[in-house]
Amino acid sequence: MPQARQRLPLLPWACATVMAVLGFLPLVEWIPGGHGAEWFGIVSSQWVAGSLIGLGVPLVAFIIARRTGLWRAGLAHRLGAAAAAHPVRTALIAALIGFTGYTAIALTIFSGRPLHIDEIAQVIQARIFAEGQITRPAAPYPGFFSAQHVVEANGRVFGQFPIGGPLMLLPGVLLGAPWLTGPLFAAGSIVLFWLLMRAVEPRPSTALGAAVVFAAAPFTAFMAGSHMNHVAALTWLLAAMWCLQRVTGSELRAPAAAVCCGFALGMAASIRPVEGAAFALPAAVWLLVRGVRRPALLGDVVAAGAGVAVPAAAMLAFNALTTGDPLLFGYELLWGSGHRLGFHEAPWGVAHTPVRGLEIVNLMFLRLQTYLFESPVPSLLPVIAALLLAPAVRGFDRYLLWSSALLVGGYFAYWHDGFFLGPRFAYALMPALALWTARLPHLVRDRFPRLEGADRFVVLAYATSVIVALMATVPIRAGQYSSGLTAMRLDYMAPAGQRGVRDALILVRESWGSQVMVRMWALGVPRSAAESLYRRVDTCLLERAVSSLERTGLTGEAALGALTPLLRDSARVVVTDRSPDTSERMLPGLPYGAVCQKRIAEDLAGYTFLPPILARDPGGNVYARDLHARDTLLLQLYPDREVFILRASSSHVGAPLELYPFAADSARMDWAMPSSEAVEPWR
């Protein structure tokens, strides 16, 4: 039975209006302070030039096609009908093509490695699961093995993220190929989205078009090649949507589909809680309203709740076993209550206000204009036009639009921008964006029947944008991604393997700033406070203060109290021009002593990163962070192991890693240098 339609399309109009304002107006540039979009002037100029190409070329092609009769009427309809007639075959072919393409991206563009610290932390937790453990015992001296987003509490080590993301990576870790996770889940998303479109979209050509747009969008493809948990979360959301339409598409009870819907929503929430909640709340309201109208259908509500309960219980149990509180997530234990949604002080000391939230969602939509399709025409323009032209929306359309609106609202209340491979917090909007993009041709035809062939012009505009993207913008973006984060994609195990080094202690030389940061963690300084100090205090001043605390033994609140006065000059602190690590800070005119100059010289000689090693199997070697004088603790812990230093051969980006013999006598002389010794100011 067809579902009731709204009398007025207020919801799509409202969504289109919000999207147009946030997607075309650089509010973030007009709001003083906070975030910025200094690139908007260049991008907006590209939109104008790109639109002349993306709309002008198809207009000429359309006129020529009409006059010469080259256009084959009904082609899209025939393709859609053929795909709908063989849905399983279509799904398998699409999934195979998608998996092949996403795998190529994973291996060639992202080197098959976790590059972002979020990816690395979740692979580390997946490796803990692969060891048959929930948490791993902390090392005797955890500062040597610490990593951002990895919690060390009560003698245990575990990742800060909810249980779902690492669980999705577990099969790949067990197979020795965690990079498979993204392509596999993304291929599953193609199948689920196609099945969903067949069920909710009456036009076969539009259903097929939406599936193609969803699978081939550069935003989808690049994210699918990564280790980011957004990919698996969207797969579970699509599974929930497919089950939800099976429940709501009939006046009969569908307890099995309701259980599956609830379970899939719970799984999505166990991976990304904001996405899970955004799509679960409208589903719950829909099922409840349906049950109130027909009490016989209330059993579906109970069944869906039972489905949610299983992954929810697993998530709460994981929290209890790790943080000690079922309602306390690892990232809240690590960063404090400021990590939660809401308008308050963020973990790094910045106040998250509604104005800052507006800046973040404005950036999200401004970036979507480019990263969604990489087209010459603003990517959201077809979506906005389709929403404005929609005469009414069906039940599932309302669900998808409300869920998408709640998702945006959730990240409006979240303090972090989260930009990586595009506006990644908007990744769960892909089903709605793909569907409304695919609907535009027939909506144009239906609303403007006197403009014969207007839908064909839209299709030609799409084809032109695809050609331009494939020839120009997508290769540029692929080049940017493949050349970025170079140090994180190196083979950290290769130097030891090439030299036949086994059962050794390998000290990994990180940058001076990274060393100071983990030393603050080891002193019990909260991660949020350490981050704030690191960003606002001269690194040499931190070095001296931390060394003093290590000698006196002050830790915890006492250590934080001793470090806090260093913030008095934070207004004058600038990004360093002395070290290649630009995360370090300096106070202009401050004299640097021998130790500080030595650390900068080491940065200039070359450094690398420990966290990528922690996400891999080190074999018989022990890899630990080089902390100079504190290395004596490790040497006592591993007295019989040969010792090496692992670092980049130079400070140049992409410099190869080299393994250097550890010179114990020279190191002891270096460790004897007093950190408070002052020399002439740096020139």
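Start with the salt bridges: a search of the whole of this predicted model finds 22 of them.

Select Arg 477 and Glu 374 for the opening stop. Their side chains form a salt bridge, with an N to O distance of 2.7 Å. Arg 477 sits in helix H20 (residues 454-483), while Glu 374 sits in the loop between helix H16 (354-371) and helix H17 (381-389), so the pair ties together parts that are 103 residues apart in sequence. Arg 477 is buried at 12% relative accessibility, and Glu 374 is buried at 3%.

Next, select Asp 626 and Arg 509. This salt bridge has an N to O distance of 2.6 Å. Here both partners are in loops: Asp 626 between strand E7 (622-625) and helix H28 (631-637), Arg 509 between strand E4 (505-508) and helix H22 (512-522), so parts 117 residues apart in sequence are tied together. Asp 626 has a relative accessible area of 2% and is buried. Arg 509, at 13% relative accessibility, also counts as buried.

From Arg 509, follow the chain into helix H22 and select Arg 519 with Glu 543. Their side chains meet in a salt bridge at 2.9 Å, N to O. Arg 519 belongs to helix H22 and Glu 543 to helix H24 (residues 539-552); the two are 24 residues apart, and the pair links distant parts of the chain. Arg 519 and Glu 543 are both buried.

For a network of salt bridges, select Glu 201, Arg 203, Asp 397, Arg 439, Arg 445, Asp 446 and Asp 455 together; these residues are linked in one.

Now switch to the cysteines. How many disulfides does a search of the whole structure find? The search finds one. Select Cys 540 and Cys 596 to see the link, with an S to S distance of 2.0 Å. The angle about the S-S bond is 85 degrees, and the link is right-handed. Cys 540 is in helix H24 and Cys 596 in helix H26 (residues 594-605), so the disulfide ties together parts that are 56 residues apart in sequence. Both Cys 540 and Cys 596 are buried.

Finish with cysteines outside that link. Cys 243 is in no disulfide; its nearest cysteine sulfur belongs to Cys 260, 4.7 Å away. Cys 243 is buried, at 8% relative accessibility. Why does Cys 261 form no bond with Cys 243? The sulfur of Cys 243 is the closest cysteine sulfur to that of Cys 261, but at 6.2 Å it is too far for a bond. Cys 261 is buried, with a relative accessible area of 2%.

How values were computed. Residues are numbered from 1 along each chain as its sequence is written. This is a predicted model: local features need pLDDT of at least 70, side-chain atom pairs count only at pLDDT 80 or more; totals for chains, interfaces and linings use all residues. Side-chain values use heavy atoms; hydrogens and water are left out. A salt bridge is a side-chain nitrogen of Lys or Arg within 4 Å of a carboxyl oxygen of Asp or Glu. Helices (H or I, at least four residues) and strands (E, at least two) are DSSP runs, numbered from the N terminus. Buried means under 20% relative accessible area, exposed over 50%, partly exposed in between (1.4 Å probe, protein chains only). A disulfide is a pair of cysteine sulfur atoms within 2.5 Å.
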